[in-house]
Amino acid sequence: MSEQLSKRSENYSQWYQDLVIKADLAENSAVRGCMVIKPYGYAIWEKMQQQLDKMFKETGHVNAYFPLLIPKSFFSKEASHVEGFAKECAVVTHYRLKNDPNGKGVIVDESARLEEELIIRPTSETIIWNTYKGWIQSYRDLPLLINQWANVMRWEMRTRLFLRTSEFLWQEGHTAHATAEEAIGETKQMLDVYAEFAENFMAMPVIKGIKTANERFAGAEDTMCIEALMQDGKALQAGTSHFLGQNFAKAFDVKFTTKEGKQEYVWATSWGVSTRLMGALIMSHSDDEGLVLPPKLAPIQVVIVPIFKNEEQLALINEKVFAIKKDLEAKGISVKYDNRDTYKPGWKFAEYELKGVPVRIAIGPRDVEQGTVEVARRDTKEKSVYQLTDLALKIENLLSQIQDNIYKKALDFRDANTYSVDTWEEFVNALDTKGGFITAHWDGTPETEQKIKEMTKATIRCIPLNNRKENGKCILTGSPSEQKVVFARAY
RNA sequence: CGGGGUGUAGCGUAGCCCGGUAGCGCGCCAGCAUGGGGUGCUGGAGGUCGUCAGUUCGAAUCUGGCCACCCCGACCA
């Protein structure tokens, strides 16, 4: 194999980068920290988008779009929000360029300085709440359940394709409710939507939980999250759902009249997932041969590769394949027939493995004669010979088996890399030798969490929602604790 | 923003210490053979060596500035 991936064991970061680039998903752009999402990568994102959008609509949400640029003053209205994002904002200061009088291309026209600077959105709470103010007067206007598909920009110091880029694509839901209970219900509902998407579509098991104060979203009362475990033992926050309380309503003065005629601030939520999910998908399932895509998100679910020596053979094979393709497509399976004669079969096999296509069908003269095809699955790399009878049905079942198997594999991996510890020694030992999720008692204070982070680089990923209460002692301070929380080193 | 590293053809790199006509692999183009796991052989095209300056008869190579990217940290979805 000429373009082998660097092995995962050597440097996971490098392996991941190679995989993203070689599988033709994305590349670095000329703009610092930004990425070019290439057609194949974007096709996967589109599959994710479609499914998420469907789930949002099923839960009563609608889409809208708000501006990219946010007046600076909007930002200062919610104190903790501005503090959380101030350090990573791109700022627009001018609105015009001019030719350099010295003939060196174009320069910024200093006379075109904006009176108030504009911030390229790092997230849209402020501009959306400024807008909602005009939309909400009465309890009859509530709830307001809106989602936006957009790009945002955060001037990150260090970037990594898909996992953390300066500009990224995401969806951000922003809802307004009459009561705290309803808003909290929404926060939980959307977390469930994310978890269902991660597990059923991405085949990636996640832990649903609540963030500690240290890890909470800037401006939120509570942040709920789904946390996934990557193959190198590091955790990845895959999605968040925030209960914002009345913080933004108060900051932007969004009040409504209740049935009883009283004026009250509305209750808010926001929730989002991003192209980071692509990173999660890649790092959850891929191997040294390349990407492994779950069938439900694979842009190409089945690739058919003909094996032929001459035009006559190809013509015969074409005829067979067109029928097979039609049957598969009738079942809603996306099929690519790659009958290019400019690449060899072996080359194609390797190429589609790199791209993570779940099922490959190879068909040659021998198969035509015998009424068979060779079917290879990406997840296990098993090859078997199938009779043509009911082929589409068999492939449909196989795809669903692959989906399940990929999930099970990831779940087994997570289970095998989740440790419960009771002492500091065990904790440090587990972190250094094994990685993974580590559950341990914690005294509940931000100071202890911070100290653990400084000492070990491990953070509390979340307090699981389904946690069972058990009394114990904090691994660091020995103070009493009523439950274990999930620690890990994270991306 | 701190520490380290790297910039040579589309990609990956050798050459740099010790200055003297820029090399290799992949990819690309052409031809022939091949075709059930990244084919083989033959021929060919493609480079102001990141950039600016300095030293020198002569700089990819030595010196200095600048720029970009990568890795490790801090920060973060």
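Reader: By what rule is the expected span of a helix worked out, and what span is expected for α9 at 1.5 Å a residue?

Author: The expected span of a helix is 1.5 Å times one less than its number of residues. In this predicted model, helix α9 covers residues 311-330 and has 20 residues. From its first C-alpha to its last the helix reaches 28 Å, which is close to the expected value of 28 Å.

Reader: Which residues of α9 are buried, and what covers them?

Author: A residue counts as buried if 20 or more other C-beta atoms lie within 10 Å of its own. An α-helix has 3.6 residues a turn, so residues three or four places apart point the same way. In α9 the buried residues include Ile317, Val321, Ile324 and Leu328. Their cover includes the helices α11 (365-370) and α12 (391-416), together with the strands β17 (302-306), β18 (335-337) and β19 (359-363).

Reader: Which residue just after α9 takes a positive phi, and of about how many degrees?

Author: The residue in question follows just after the helix, and its phi is positive. This residue is Gly332, with a phi of about 80°.

Reader: Why is one side of β18 and of β21 left without a neighbour in the sheet?

Author: The open sheet is formed by 5 strands in the order β18-β17-β19-β20-β21, with mixed pairing. Because β18 and β21 (383-387) stand at the edges, each has a single partner strand. From one strand to the next the twist averages 25°. What leaves one side of each without a neighbour is therefore the position of β18 and β21 at the edges.

Reader: At about what angle to β17 does α9 run, and what angle does α10 make with β17?

Author: Helix α9 lies across β17, β18 and β19, and its direction relative to β17 is about 170°. Helix α10, made of residues 345-354, also packs on the sheet, where it touches β17 and β19. The angle between the directions of α10 and β17 is likewise about 170°.

Reader: How many residues of strand β12 are buried, and which strands pair with it?

Author: Strand β12 (residues 222-229) is mostly covered, with 7 of its 8 residues buried. Strand β11 (residues 207-210) is joined to β12 by 4 bridges in an antiparallel run, and Gly209 stands opposite Cys225 there. Over 8 bridges, β12 also pairs in the antiparallel sense with β13 (residues 235-245), where Thr223 stands opposite His242. The count of buried residues is thus 7 of 8, and the partners are β11 and β13.

Reader: Which residue in the hairpin of β12 and β13 takes a positive phi?

Author: The hairpin has 5 residues between its strands, and a positive phi near 90° occurs in it. The residue that takes this phi is Gly233.

Methods:
Residues are numbered from 1 along each chain as its sequence is written. Chains are lettered from A and ligands numbered from 1 in the order in which they are written. This is a predicted model: local features need pLDDT of at least 70, side-chain atom pairs count only at pLDDT 80 or more; totals for chains, interfaces and linings use all residues. Helices (H or I, at least four residues) and strands (E, at least two) are DSSP runs, numbered from the N terminus. A residue is buried if 20 or more other C-beta atoms lie within 10 Å of its own, exposed if 12 or fewer, and partly exposed in between; C-beta atoms are placed from the backbone. Two residues are in contact if their C-beta atoms, placed from the backbone, lie within 7 Å. Two strands pair if DSSP finds at least two bridges between them. Axes are lines fitted to C-alpha atoms, for helices over the stretch in contact, and angles run from 0 to 180 degrees between N-to-C directions.
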